Amino acid sequence: MAANAHEHKSHTALIWKVFGILSFITIVEVILGIIKPDSLHLTKILGTSPLNIIFLVLTIVKAYYITWFFMHMADETKSLRRSVVWTAVFLIIYLATLLLIEGSYINDVLSPLVKWNY
Amino acid sequence: MEATVSTETNGKTWSGGSNKPLGASYGKMMMWFFILSDALTFSGFLGAYGLMRFKFIESWPIADEVFTHFPFLHGIHAPMYYVALMTFILIFSSVTMVLAVDAGHQMNKKKVTFYMLLTIIGGLIFLGSQAWEWKNFIGGSYGAVQLNDGKIVQFVDASGHQVTLESFVKSSHSERAQHTRDKGLWFVEESTLAPFSVKEVIEGFNAHPELSIRTELINTETKAKTIISRADAMSYLNNANAVVKGANLKVNEYGNTLFADFFFFITGFHGFHVLSGVIINIIIFFNVILGTYERRGHYEMVEKVGLYWHFVDLVWVFVFTFFYLV
């Protein structure tokens with residue numbers, strides 16, 4: 001990008017648009033986090049509450065906007081983008097899956113042994 | 001190779017070579033791979049947090065009940081608001097950073113300086129907010145009792161809302177004072193004593209018939225902590241071992257100590273990143289003022305520190321989700 005610095009045109013409008021999107025998502029998250037509607041919070045889907053899934057999806061959307069437009073990943077070559085993003089996505093999903101499965105297993109074994117009445 | 005240097009910096013800086021693998025300059029590519037490795041470090045921490053949370057899923061503290069403070073609204077239950085404010089501060093400082101990068105592309109030194117300054121101020125405000133959040137967490141809000149097996153018992157009124165120890169416990173001042181260096185052996189210290197003794201708390205509980213207790217166990221139907229009837233409460237309180245106020249690495253009035261450990265470690269590690277980001281931003285800010293990048297012919301250094309700064313924001317997005325929302 002430095003090479004064509006002089007003919008580079010301003011992206012200010014895009015930046016403010018992305019800021020608007022990120023703010024909107026955060027506001028939605030906070031409102032949902034405060035209200036916690038029973039229909040989303042107390043029901044179960046895919047092993048957790050729909051509310052948690054909404055939070056996870058919104059988080060990933062936010063991460064996408066920050067990486068692509070604030071960090072200008074969209075302007076990098078495909079090879080750089082893939083070598084960073086795919087590596088991270090693969091290893092993080094791998095690690096998280098194994099650790100969470102292990103955590104549930106420990107809970108299955110441990111929780112019957114924990115005493116809650118005295 | 002050095003003969004192909006395209007920028008004039010009196011030969012004091014290394015241009016990164018003329019080969020540009022992946023189409024990026026040396027510095028930018030290395031910053032990206034540093035960010036990748038740092039992202040994996042944070043994933044390791046958050047993954048460990050997830051492991052422990054799943055291990056104790058039936059009794060993990062509920063974040064809405066832990067982080068309830070807001071400046072100037074003392075005693076008002078305000079979950080989420082403060083951390084939402086912190087998130088906005090960090091997102092906004094990310095915006096000013098990317099505006100500085102954008103101004104750098106247009107070689108507009110004045111604008112770069114201005115936006116860098118705003119970014120630094122945003123980072124400092126965020127650090128201050130985090131310190132305030134830690135202060136509230138360490139200081140605690142209600143106080144609780146720890147049983148012999150380490151479980152936490154909290155006090156609630158008839159409507160099921162938590163009550164502070166101060167509201168029903170009377171201090172009889174019968175216990176000894178905290179041992180400090182000036183009161184005895186100069187080389188012996190002890191940590192701050194709890195505000196009340198277990199005996200005083202039980203006396204206060206007996207004197208207030210409207211009170212009951214609740215345990216850490218989460219009711220899976222209502223996703224709320226289990227409230228124990230007053231009739232059964234004494235069998236719990238007879239096992240009481242210590243009075244707890246606030247949270248630290250050893251004990252946590254909100255529930256599982258691991259929650260406090262991970263909170264301190266992960267937000268602390270993130271805060272350390274913010275601090276180093278602010279320091280690097282300040283260094284680059286002065287370089288911008290001195291005209292270093294003007295002379296170099298490009299503001300790529302602002303871009304590189306911007307990458308790091310956005311990464312710090314990116315991590316916060318995940319910390320926010322896993323500590324406060326999910």
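## A loop residue, two domains and a shared face

Lys223(B) sits in a loop of chain B, with strand 3 (212-219) on one side and strand 4 (224-228) on the other. This is a predicted model, so everything here describes a prediction. Although Lys223(B) isn't a glycine, its phi is positive, at about 55°. Leu22(B) is another residue to look at: not a glycine either, with a positive phi near 60°. You'll find Leu22(B) in the segment before helix 1 (26-55) of chain B.

How crowded are these two spots? The table gives the counts.

| Residue | Other C-beta atoms within 10 Å | Exposure |
|---|---|---|
| Leu22(B) | 18 C-beta atoms | partly exposed |
| Lys223(B) | 13 C-beta atoms | partly exposed |

Residues with 20 or more such neighbours would be buried and those with 12 or fewer exposed, so Leu22(B), with 18, counts as partly exposed, and so does Lys223(B), with 13.

Now for chain A. Its two parts are domain 1 (1-75) and domain 2 (77-118). Going by C-alpha atoms, the centres of domain 1 and domain 2 of chain A are 22 Å apart.

The chains also meet: 51 residues of chain B and 50 residues of chain A take part in the contact. On the chain B side, the elements giving two or more residues are helix 1, helix 3 (81-105), strand 3, helix 6 (230-237) and helix 9 (300-325). Helix 1 of chain B gives the most, with 13 residues. Sorted by class, the side of chain B that touches chain A has 28 nonpolar, 16 polar and seven charged residues.

Technical notes
Residues are numbered from 1 along each chain as its sequence is written. Chains are lettered from A and ligands numbered from 1 in the order in which they are written. This is a predicted model: local features need pLDDT of at least 70, side-chain atom pairs count only at pLDDT 80 or more; totals for chains, interfaces and linings use all residues. Helices (H or I, at least four residues) and strands (E, at least two) are DSSP runs, numbered from the N terminus. Domain bounds come from an automatic or database domain assignment. Two residues are in contact if their C-beta atoms, placed from the backbone, lie within 7 Å. Ala, Val, Leu, Ile, Met, Phe, Trp, Tyr, Cys and Pro count as nonpolar, Asp, Glu, Lys and Arg as charged, and the others, Gly among them, as polar.
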